[in-house]
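Biologist: Please choose one part of this model and take me through it closely, giving the values as you go and connecting each to the next.

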Amino acid sequence: MTLIEWKDDYKTGVASVDHEHQELVGLINRLYGKIGTGSEDDVAAILGEIHDAISSHFALEEKKMSDSGYEDYWPHKEDHEHLLDDIREIMDNHAEGRYASYEQELAKHLDHWFSEHFRTMDRKLHGQIG
Ligand SMILES: [Fe+2]
Ligand SMILES: [Fe+2]
């Protein structure tokens, strides 16, 4: 089951970044595929993987921005923090057994969030500093 179809629109112009973004999309699609069919442990494991992969991806982007003195460092970082907070909240809810249809919401939320972030902030960032 696929939630996010990769679009050319998401390309940043930097192959290694696009590759990482595609991996993140793959993880979100895996999560989506497990919703309603996988065990709670499966879902928790994928949520953990998503959190770790996104955290390290964001850390690299933030280092790149800070090393190059990128002008939009703060708004970009704020967007990253916002998504990480959302994912942590979902993981907590899941761990406490409060999930049900909330996971569908999460998957859609991630789709929307990522699509927007790739197309706007990441595209601008990587277009400017590589
Ligand atoms: Fe990114
Ligand atoms: Fe980013």
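Modeller: A crossing of two helices is called left-handed if the near helix is turned anticlockwise from the far one by less than a right angle. The crossing of H1 and H2 is left-handed in this sense, and I will start from that part of the model, which is a predicted one. Helix H1 covers residues 15-34, and its axis comes within 10 Å of the axis of H2, the two crossing at roughly 160°. Angles over 145 degrees count as roughly antiparallel, and H1 and H2 therefore run roughly antiparallel to each other.

The next helix along can be described in a similar way. H2 and H3 have axes that approach within 10 Å and cross at roughly 165°, which means that H2 is roughly antiparallel to H3. H2 passes H3 in a left-handed crossing, and the residues in the contact of H2 with H3 divide by class into 13 nonpolar, seven polar and five charged.

From the helices I turn to the metal ions. The iron ion (ligand 1) is coordinated by His21 through NE2, His57 through NE2, Glu61 through OE and Asp122 through OD, at 1.9 to 2.2 Å. Of these donors, His21 lies in helix H1 and counts as buried because its relative accessibility is 0%. Along the chain, the donors of the iron ion (ligand 1) follow the spacing H-x35-H-x3-E-x60-D. The angles among the four donor atoms of the iron ion (ligand 1) run from 82 to 165°, and the site is irregular; a tetrahedral assignment would need all angles to lie between 85 and 135 degrees. As a general reference, the ideal angle for four tetrahedral donors is 109.5 degrees.

The iron ion (ligand 1) is 3.6 Å from the iron ion (ligand 2), and Glu61 coordinates both. Glu61 and Asp122 link distant parts of the chain, with Glu61 in helix H2 (residues 40-67), Asp122 in helix H4, and their positions 61 residues apart. Both Glu61 and Asp122 are buried.

For the iron ion (ligand 2), the protein donors are Glu61 (OE), His76 (NE2), His80 (NE2), His117 (NE2) and Asp122 (OD), which lie 2.0 to 2.2 Å from the ion. The donor residues of the iron ion (ligand 2) are spaced in sequence as E-x14-H-x3-H-x36-H-x4-D. Here His80 and His117 also join distant parts of the chain, His80 lying in helix H3 (residues 73-95) and His117 in helix H4 (residues 102-129), 37 residues apart. Like Glu61 and Asp122, the residues His80 and His117 are buried.

Two positions elsewhere on the chain help to place this region. From His21 to Gly97 the C-alpha to C-alpha distance is 30 Å, with their positions 76 residues apart in sequence. Lys63 is located in helix H2 and, with a relative accessibility of 49%, counts as partly exposed, whereas Glu61 of that helix is buried. The C-alpha atoms of Lys63 and Tyr73 are 9.7 Å apart, the two residues being ten residues apart along the chain.

Key. Residues are numbered from 1 along each chain as its sequence is written. Chains are lettered from A and ligands numbered from 1 in the order in which they are written. This is a predicted model: local features need pLDDT of at least 70, side-chain atom pairs count only at pLDDT 80 or more; totals for chains, interfaces and linings use all residues. Side-chain values use heavy atoms; hydrogens and water are left out. Donors are N, O and S atoms within 2.8 Å of the metal (3.2 Å for Na, K and Ca); water is not among the atoms, so sites may look incomplete. Helices (H or I, at least four residues) and strands (E, at least two) are DSSP runs, numbered from the N terminus. Buried means under 20% relative accessible area, exposed over 50%, partly exposed in between (1.4 Å probe, protein chains only). Four donors count as tetrahedral if all angles lie between 85 and 135 degrees; four count as square planar and six as octahedral if opposite donors are over 155 degrees apart and all others between 65 and 115; anything else is irregular. Axes are lines fitted to C-alpha atoms, for helices over the stretch in contact, and angles run from 0 to 180 degrees between N-to-C directions. Angles under 35 degrees count as roughly parallel, over 145 as roughly antiparallel, 65 to 115 as roughly perpendicular and the rest as oblique. Ala, Val, Leu, Ile, Met, Phe, Trp, Tyr, Cys and Pro count as nonpolar, Asp, Glu, Lys and Arg as charged, and the others, Gly among them, as polar.
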